[in-house]
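Me: Please take a close look at one part of this model, the packing between its helices. Start with one helix pair, then work outward to the cores and loops.

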Amino acid sequence: MQHRTLGGATVTAIGLGAMPLSIEHRPDEGRAVATVHAALDAGVTLIDTADSYHWHAGEAGHNERLIARALARYGGDTSHVLVATKGGRGRPGDGSWTVNGDPDHLKRAAEASAKRLGVEAIGLYQLHKPDPAVPWAESVGALHDLVGAGTIRAAGISNVTTDQIRLAHAVLGDALVSVQNQYSPAVRDSEAELRLSTALGLAFLPWSPLGGISRSSLDGPAGGPAGTGTAFHGIAAARGVSPQQVALAWLLSRSPAVIPVPGASRPASITDSARGADLELTETELALLEPTP
């Protein structure tokens with residue numbers, strides 16, 4: 001599988017988005033662990049999680065604990081796997097999402113995440129979403145302090161604008177290594193953020209990268225097709241691959257900074273997605289995938 005740079009680490013060009021393993025409609029633990037193991041078997045070395053990836057009230061960190069157990073039960077070497085987690089959001093248990101960018105909260109959350117993951121220092125810790133009630137510089141400053149304290153090795157930011165990226169970069173310097181925004185065939189609003197990330201040498205991790213190809217887990221039951229008549233589906237049929245692989249190959253073609261983290265709740269899904277890293281689209285195919293003016 002192709003590899004790409006994420007800060008000081010080298011990871012596979014496609015990671016595993018672990019959120020579907022813990023939120024609504026999640027699989028049982030056996031299938032969840034099998035999904036993580038299938039990702040590892042496919043060569044995946046980046047797993048994306050968050051303390052807020054859970055379903056019910058009172059189970060914060062469900063996904064982090066699950067990932068830790070899955071890695072511990074894997075028969076092979078996992079020392080090269082980068083587990084990236086996030087803090088700054090919550091789930092009361094009624095289906096809603098909250099935001100908390102208070103610096104003290106973020107520091108406590110990072111410490112709790114490290115404990116659940118069973119690590120001395122989190123490889124990549126990302127601020128999940130800006131909190132409109134807290135100055136952005138203060139929230140980002142908490143990440144700076146966490147790096148200095150050795151709680152995290154590198155920092156990332158998510159759901160951000162270009163101005164927020166620039167300010168975070170000014171505060172964090174080389175400790176800022178990633179931006180994670182929604183970006184997919186159906187949602188291309190973060191083109192400016194992708195360009196800026198590339199220019200600054202930051203990895204760009206699209207969340208919900210299969211939007212327009214299959215539903216996001218945030219939008220409803222995972223794995224259901226959103227449509228079958230797109231150019232992505234046409235190219236997939238002609239090449240004898242899945243539309244998901246075409247979507248991921250398209251994302252990788254957008255910039256060397258892009259590292260998609262498609263979600264999966266079944267072993268077959270992540271096994272198929274991982275193959276997208278080695279699918280080379282032609283210039284003609286890429287032109288077909290551009291939106292019609």
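Reply: Start where α2 meets α3: E64, R65 and A68 of α2 are in contact with S113, R116 and L117 of α3. By class, this contact holds two nonpolar, one polar and three charged residues. Keep in mind that the model is predicted. Helix α2 covers residues 62–73 and helix α3 covers residues 103–117. Their axes come within 8 Å and cross at roughly 30 degrees. An angle under 35 degrees counts as roughly parallel, so α2 is roughly parallel to α3. The crossing of α2 and α3 is right-handed.

R65 also serves as a marker for distance. P135 and R65 are 70 residues apart in sequence. In space, their C-alpha atoms are 31 Å apart. P135 sits in the loop between β8 (124–127) and α4 (136–149). Is P135 buried, partly exposed or exposed? Its relative accessibility is 45%, so P135 counts as partly exposed.

That loop leads to the next pair, α4 and α5. On the α4 side, the residues in contact are W136, A137, V140, G141, L143 and H144. On the α5 side, they are Q164, L167, A168, V171 and L172. The classes here are eight nonpolar, three polar and no charged residues. Compare the α2 and α3 contact, with its three charged residues. The axes of α4 and α5 are 9 Å apart, at an angle of about 40 degrees. Angles of 65 to 115 degrees count as roughly perpendicular and those under 35 as roughly parallel. The angle for α4 and α5 falls in neither range, and the two helices are therefore oblique to each other. Their crossing is right-handed.

Just ahead of α5 is a backbone detail. N159 lies in the loop between β9 (155–158) and α5 (162–172). Its phi is near 60 degrees, a positive value in a residue other than glycine. Most residues other than glycine have a negative phi. N159 is partly exposed, with a relative accessible area of 26%.

A second residue of this kind is H25. Its phi is positive, about 65 degrees, and H25 is not a glycine. H25 belongs to the loop between β3 (16–17) and α1 (29–41). With 55% relative accessibility, H25 counts as exposed.

Now the third pair, α7 and α8. Helix α7 spans residues 231–239. Helix α8 spans residues 243–254. How are α7 and α8 oriented to each other? They pack at an angle of about 110 degrees, with their axes 8 Å apart. The range for roughly perpendicular is 65 to 115 degrees, so α7 and α8 are roughly perpendicular to each other. The crossing of α7 and α8 is right-handed. From α7, F232, H233, I235 and A236 meet P243, V246, A247 and W250 of α8. This contact divides into seven nonpolar, one polar and no charged residues.

Before α7 comes the loop from β11 (203–204), which holds I213. I213 is buried, at a relative accessible area of 2%. I213 and A13 are 200 residues apart in sequence, and their C-alpha atoms are 19 Å apart.

The helix contacts lead into the cores. In soluble globular proteins, nonpolar side chains tend to be buried together. The largest nonpolar core here has 48 residues. Those with the most contacts inside it are Y125, L143, I157, V246, W250 and L281. α8 gives the most to this core, with seven residues. Another core lies apart from it, with 22 residues, among them V33, L71, V81 and A264.

Several of these names have appeared before. L143 is part of the α4 contact with α5. V246 and W250 are part of the α8 contact with α7. L143, V246 and W250 are also among the residues with the most contacts inside the largest core.

One more helix touches α8. Helix α9 covers residues 267–275, and its buried residues are I270, D272, S273 and A274. Which elements do the buried residues of α9 pack against? They pack against β3, α1 and α8. Both β3 and α1 flank the loop that holds H25. α8 thus links several parts of this account: it meets α7, it packs with the buried residues of α9, and it gives the most to the largest core.

Notes. Residues numbered from 1 in each chain as written. Predicted model: local features only at pLDDT ≥ 70, side-chain atom pairs only at ≥ 80, totals over all residues. Heavy atoms only, no water. Helix = DSSP H or I, 4+ residues; strand = E, 2+ residues; numbered from the N terminus. Buried < 20%, exposed > 50% of the residue type's maximum accessible area, 1.4 Å probe, protein only. Contact = heavy atoms within 4.5 Å. Core = buried A, V, L, I, M, F, W, Y, C linked by side-chain atoms within 4.5 Å. Axes fitted to C-alpha atoms, helices over the stretch in contact; angles between N-to-C directions. Parallel < 35°, antiparallel > 145°, perpendicular 65-115°, else oblique. Left-handed = near helix turned anticlockwise from the far one by under 90°. Nonpolar A, V, L, I, M, F, W, Y, C, P; charged D, E, K, R; others polar.
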